[in-house]
Amino acid sequence: MARNAKRPYRQLLAEIAVLKQKLAAYEEAASTVGSNPAKETGAPVMDDGELFKSPVWVEKMKERRARRTTSKLRRNQVRVPDKYLRTIFDSAPVGISVATDPSCQVIWHNCAAARFLRIEPGESPSFLALTKPRFKMLYQGKELLPEEMPLKRAAWRGETSKNLELEYIWDDEVRKFARWNASPLISEDGGIIGAIGALEDVTERKQAEEELRKSKQQIDEILESISDAFYAVDAEWRLTYINHRAEEWWKRRKEDLIGTVLWDMFPDPEVTKGYQEHHRAMNEHIPVTFETFLPHFLAWVEATVYPTADGGVSVYLQDITGRKKAEEVLLENELRLEELVRERTRELEAANQRITHILESIKDPFFTLDGQWRFTYVNPSAQEQFSYLGDMVGQNIWELFPKMAGTFFWDKYHTVMESKRPLCFEAKTRYTGFWSEVTVYPYREGISVLFQDITERKRAEQALQKNEERLRALVTASSEVLYQMSPDWSMMRQLQSRGFLTYTERPNSNWLQEYIPPDEQPYVTAAINEAIHTKSVFELEHRVWQADGSLGWTFSRAIPLLDEKGEIVEWFGAAGDITERRRAQKDLLESRQKFAKAFYGNPIMMVLVTIDEGRNLDCNDTFCSTTGYTRDEVVGHTSRELNLFVDLEKRRENISKLLKTGRQENVEIDIRTKSGKILNCHMWSQLLYLDGKPCHITGLIDVTKQKQMEKEISHLDRLNLVGEMAASIGHEIRNPMTTIRGFLQMLSTKEGCEPYQDYYDLMIEELDRANTIITEYLNMAKDKAVELQPRYLDSIVRAIHPMILADANLQDKQVRLDLDFPPKLIIDEKEIRQMVLNLARNGLEAMNQGGVLTIRTRTYDGAAVLEVEDKGNGIPPKILERIGTPFQTTKDNGTGLGLPVCYSIAARHRAKIEVDTGPGGTTFKVIFKQNGIGVQ
């Protein structure tokens, strides 16, 4: 008897275990993408199980066999997928189009394809249908006929299309691009029954290619507009680009030069400086600037070689032949002056030697003084010059010449006397009025002084100095145009031109009107008057009338020549043609302005950073407004100082890849704002060089909200799938459980079963618990009926407050209400009660004894908000990621369906649940849309 009584109990436990296993399998299937959870996960299909063979199950098996028989008859037809398969197709990231029969009159499109084609998801446009689509399809600029389209070719000819790029043009001139892959659908007997195609939206890539083409064209225009030679070579030294100036240098067409190895154009290039510097720039990846003479061009050039990202170099050649010739003239004059100085020095040395040997025979005044400043020797010339003083020997010099005390001579004589070092200086004596070169020599007893008359030499030197000043002025101001002006600029005395301005040798008092445009004349006159007033160099850039009658730009520089009194004698100047340079500067300024507008006005975050130090050079307004930093806080600082990047190791890896590839695109990275908020971003970076220093410009796109939306959509998809499963299988599970429970109750009353009454009660209790789980599971059904009535949230909270308070008292915890009377909502009172109870009980269970649970209502931004706040330890990050997922629980006896039920109720009321958690507690916020409008 005992053995027979145990067998139903073991069988019942096995059935319950299988039931739990199947529920777990459906939970796992709910989180995957597919129309058949059992097929995807490997779990047993509940309809095919052998556990519950009730009459209802038998009827379902008959219906299934009938459906399978019908499906065999339709095997050679393509049908539109059911709603589960449709869900999968609609969730695909690429567009999918299916022709349901070989005629291609009806074409089914998923959501991605519908968005691209700008149609509603239910539409099925076809070029063979009565209503033609509102767009044209083009391939390589030519409109396609219906038989040339990918799906028609697949369905009619059995052809497969791969990576076919097509252009779409709508009636409202919207243009898009798509990459097509299409294949025919083959039946089991080998016949074509339709076609399927996948399209990928490549509009952004095509637009980016067009922008790149325009940018390259703009760069080519800039390089062609400069007056100096420019060319670029790849890593194999093949010419990849040359401008028109380089064509003129080499006297060959660009078409003939592109692809030519650079060094094949020069004889023995290995021994030249250019060859060595080019290789140094390429091998060391550094910019190099050098000067060299090109014999085959008979010209000096200044070359700047920049390494490029593709391993080659770009070279800028500037003709500096004119500057070199000016430097040679200057060097020649300096050498001439040095020779004059050396010659004069030799003459002075010879004079000193003659003084040493024939001191008495010299005709220049010479005398010696002892330590008491008494004359010990005076030569005849000096005695004769001061004969009115009588014999000077033995007398004190400062007593004979009292006016010399404290003068220039006093200082010099005392310096030599004290330092015992000879001194030579030039001076104009007060007593004679002549210029003398005074040489003072120390000796053991005192000093010796020699006066040498240099009056004539000073005059010659002054004349020579004037000539040298004129020569230096000519060299300094050398350019294409040389001119001389009167002291007040009223007369142009001479103008020597080489074609830039009209040449004239005769004095011209009307030069201002002939050479300067009327609107420039006040500007030029003011600069001239300032130079005359300050007696300084005149320098000015201004417009002039050129020799051909057109307007050009010149840089004019004139130097004043002064007489002995410091008055201006004349002006000597030069003017150069800078018309092309001004045009290039204007073009460069416009280019920089365009870049500045694109940089500062860009709606995404942009920052310019150095590579070596990682220091921020600039950032745009979007970067400042998003991160919360000011431009002054960003510029000059590094991202490490700002604590910008969350993962520094990942950032270093990105920089390393950037240095190798020159560009990084679509890199996911997290940044930290000034307030500490973490933002998810997509990052791209481009390597560039500024003033020869490697830098990178980086763009950051904030996709935090997008990530959150994707997470919420994924969560809602799982809830929808679980709800649909609950609605379809919940009742099928409860029917056999009801039968089992009834038999257990009946058996428990049978005679002889009293000893096993505890077993029967335990089994019935477990069945009731399983039934409770199924009841909660059914609450997540998407199509569950709701009774909508106008209700206040405050009234519902107050009604269930005693029940929540009773639970709190049992757990030695407190409940506080903070109700702010939000507007009336159209809601189902029973479901809202259940949601509040579930959230409140979860909050109570999350707290220790003495904790306070707060239930709050308020109005925020026109929406009613319900908040349940606990003072627990917060939700762990791993649990928070799967919050609201069915059967996800941290409780020992929890079902894991409480929060999913709350999310399902919120979804039926078009409400949104937000979670704010931390070490100090957790707050669940339920945000209802205004007045509950649109509740389904």
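This is a short talk about a few spots on the structure above.

Okay, hi everyone. Before anything else, keep in mind that we're looking at a predicted model.

Let's begin with the sheet. It's an open one with seven strands, and the order across it is β2-β1-β7-β6-β5-β3-β4, with antiparallel pairing. So which strands sit at the edges? Those are β2, covering 107-109, and β4, covering 142-143, and each of them pairs on one side only. If you'd like one pair to look at in your viewer, try β1 and β7. Strand β1 is residues 95-99, strand β7 is residues 192-201, and the two pair in the antiparallel sense over five bridges. For a landmark there, find S97: it stands opposite G197 in β7.

Next up, the surface. Helix α23 runs over residues 704-748, and L747 is part of it. L747 belongs to a nonpolar surface patch together with F743 and M746, and that patch comes to about 260 Å². Is L747 buried, partly exposed or exposed? Its relative accessibility is 30%, so we call L747 partly exposed.

Now move along to helix α24, residues 757-778, which is where you'll find E765. Here we get another kind of patch, a negative one, formed by D758, D761, E765 and E766. E765 has 52% relative accessibility, and exposed means over 50%, so E765 counts as exposed.

Further along the chain there's helix α27, residues 877-881, with P877 in it. P877 has a relative accessible area of 61%, so that one is exposed too, going by the over 50% cut-off. And here's a distance to check on screen: the C-alpha atoms of P877 and G918 are separated by 9.8 Å, while along the chain these residues are 41 apart.

Last stop, helix α28, residues 898-908. Why do we say this helix is largely enclosed by the rest of the structure? Because nine of its eleven residues are buried, and buried here means under 20% relative accessible area. The buried ones are L899, P900, V901, C902, Y903, S904, I905, A906 and R908. What follows α28? That's R910, and its phi is positive, near 55 degrees.

So, if you want to take two pictures home: E765, exposed on helix α24, and helix α28, with nine of eleven residues buried. Thanks, and feel free to spin the model around yourselves!

Note on methods:
Residues are numbered from 1 along each chain as its sequence is written. This is a predicted model: local features need pLDDT of at least 70, side-chain atom pairs count only at pLDDT 80 or more; totals for chains, interfaces and linings use all residues. Side-chain values use heavy atoms; hydrogens and water are left out. Patches are made of residues with over 30% relative accessible area and no salt bridge: like charges are joined within 9 Å, nonpolar side chains (Val, Leu, Ile, Met, Phe, Trp, Tyr) within 5 Å. Accessible areas come from the Shrake-Rupley method with a 1.4 Å probe; for residues, only the protein chains shown count as cover. A salt bridge is a side-chain nitrogen of Lys or Arg within 4 Å of a carboxyl oxygen of Asp or Glu. Lys and Arg count as positive and Asp and Glu as negative; His and the chain ends are not counted. The place of a charge is taken as NZ of Lys, CZ of Arg, CG of Asp or CD of Glu. Helices (H or I, at least four residues) and strands (E, at least two) are DSSP runs, numbered from the N terminus. Buried means under 20% relative accessible area, exposed over 50%, partly exposed in between (1.4 Å probe, protein chains only). Two strands pair if DSSP finds at least two bridges between them.
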